[in-house]
Amino acid sequence: MKQHSGYLVLGLALLLLMGCPPASQSQKKMAPLFRISAVLDTGKEPSFLVTDDFDIDGNLDLVVLNSAEHTMSVYKGNGDGSFKDQVQYKTGADPICLAVADFNSDGFKDIAELNYQDQTIQIFLNTGRGGFRNTGNVIKPGHIPINLIAGDFNEDGYPDLAVSLRFHKVSILFGKGTGAFKEPVTIPVKGQPTGLVVGDYNHDKHVDVAVALAGSGNVGVEILWGDGKGNFEKSKVFKGGGQPLTVANVDADNDGFMDLVTSSNSLHAMTMLMNNKDKTFKTLQDFSAGEFPKFVAAEDFSGDGIVDLAVSNSTHDTVAVTLGRGDGTFIYPPIKHFVDEYPQGLVAGDFNKDGRMDVAVSCRDKNLLTVMLKKNTRQPRPFSKPASS
């Protein structure tokens, strides 16, 4: 008996030295939120993805860029989670980004398409039935464009464009309301700009631009505070991840002020920047939402009134949903949904019109687009610690 008691004491001592297993390891695995409803053929190496109702029939459509064959695929939605066969359009060389807005003021959403290799923007005007025609005008935004976003920066009623340029600049192109744009105006920024997103972050009713900065030099997020006249005041650089390549809007604490989330895919990390409502942001601790996070969609996926995050994880072939707590933190581990190889572009929308948010993701290495519909369940929320890297 003495010998067994000694083993017991030794075992307890080893457990104390090793520590208890993390809560995230012992937490019960959560069931997937989505089911795959459609897998669509694309062109070669599909990447950036957007969704909107382009033909105004009440059903969301999808548009994806096919980077390796310099095309854009358009899928008209049927309103039940399925889509019609793709219609392809020729783009510039190495298309990398899309922005959606009504650029010619006819009431139909058009597409601005950014090309990396030939460093151009092409405008595709909506024909009124969800088809598109290239205006033929080749726009030069500046040297080595990276990302593209639309917003009315001078409040003339016509959408404008903002383009991040690799060498510490953001280019602004003011729209004429005809599908054409004025010559670009460049704004120096404090680092190498990558992702862009627009919003009214200080509630002054003017559109601002949030710029993710990565690479060498300053790293984080810089805000270009808009004045509604096409001018911008530059903020300091807020900490926003080690190498943020994408940035997205999310009201993570339900206070009515838009916060920001970035993904640093090479570091496998996500970072929340909470809006202080005084033109500053508080950066929270990095957290994990899977391996090599690429694109982010922020919606209430669980149906509890709190915004969650869906993230495409390229090296693990998953779309991970990280449930929000409503205070800027998120539950770990994320809920994984396995898709085809190398998921990239990601969007959220109600594709079958059942009142629940669905997702679609482009899978580069298999030349596929996967549509996943939200299951008819309300996801229970386990007790767990905040997500952490």
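Val-198 stands opposite Val-209 of strand β15, a pairing seen here in a predicted model. The valine pair belongs to a longer stretch of contact between strands: β14 (residues 191-199) and β15 (residues 208-217) run antiparallel and are joined by seven bridges. Strand β14 is also mostly covered, with eight of its nine residues buried.

Further along the chain, it is worth pausing at an open sheet of four strands, arranged in the order β18-β19-β20-β21 with antiparallel pairing. The edge positions are taken by β18 (246-250) and β21 (281-283); each has a single partner strand, so one side of each is left without a neighbour in the sheet. On average, neighbouring strands of this sheet are turned by 25 degrees against each other, with direction ignored. Within the sheet, β19 (residues 259-264) pairs with β20 (residues 269-275) in the antiparallel sense, over five bridges. Here Ser-263 is found opposite Met-270 of β20. In general, strands of a sheet pair through backbone hydrogen bonds, in either a parallel or an antiparallel manner.

Stepping back to the whole chain, the model contains 28 strands and two helices. Of its 389 residues, 54% count as buried. Among contacts with a separation of 6 or more, 46% come from residues 24 or more positions apart. The accessible surface of the chain comes to about 16700 Å², and carbon and sulfur atoms account for 53% of this area.

Methods: Residues numbered from 1 in each chain as written. Predicted model: local features only at pLDDT ≥ 70, side-chain atom pairs only at ≥ 80, totals over all residues. Heavy atoms only, no water. Buried < 20%, exposed > 50% of the residue type's maximum accessible area, 1.4 Å probe, protein only. Contact = heavy atoms within 4.5 Å. Areas by Shrake-Rupley, 256 points an atom, 1.4 Å probe, with all protein chains shown as cover. Pairing = 2+ DSSP bridges. Axes fitted to C-alpha atoms, helices over the stretch in contact; angles between N-to-C directions.
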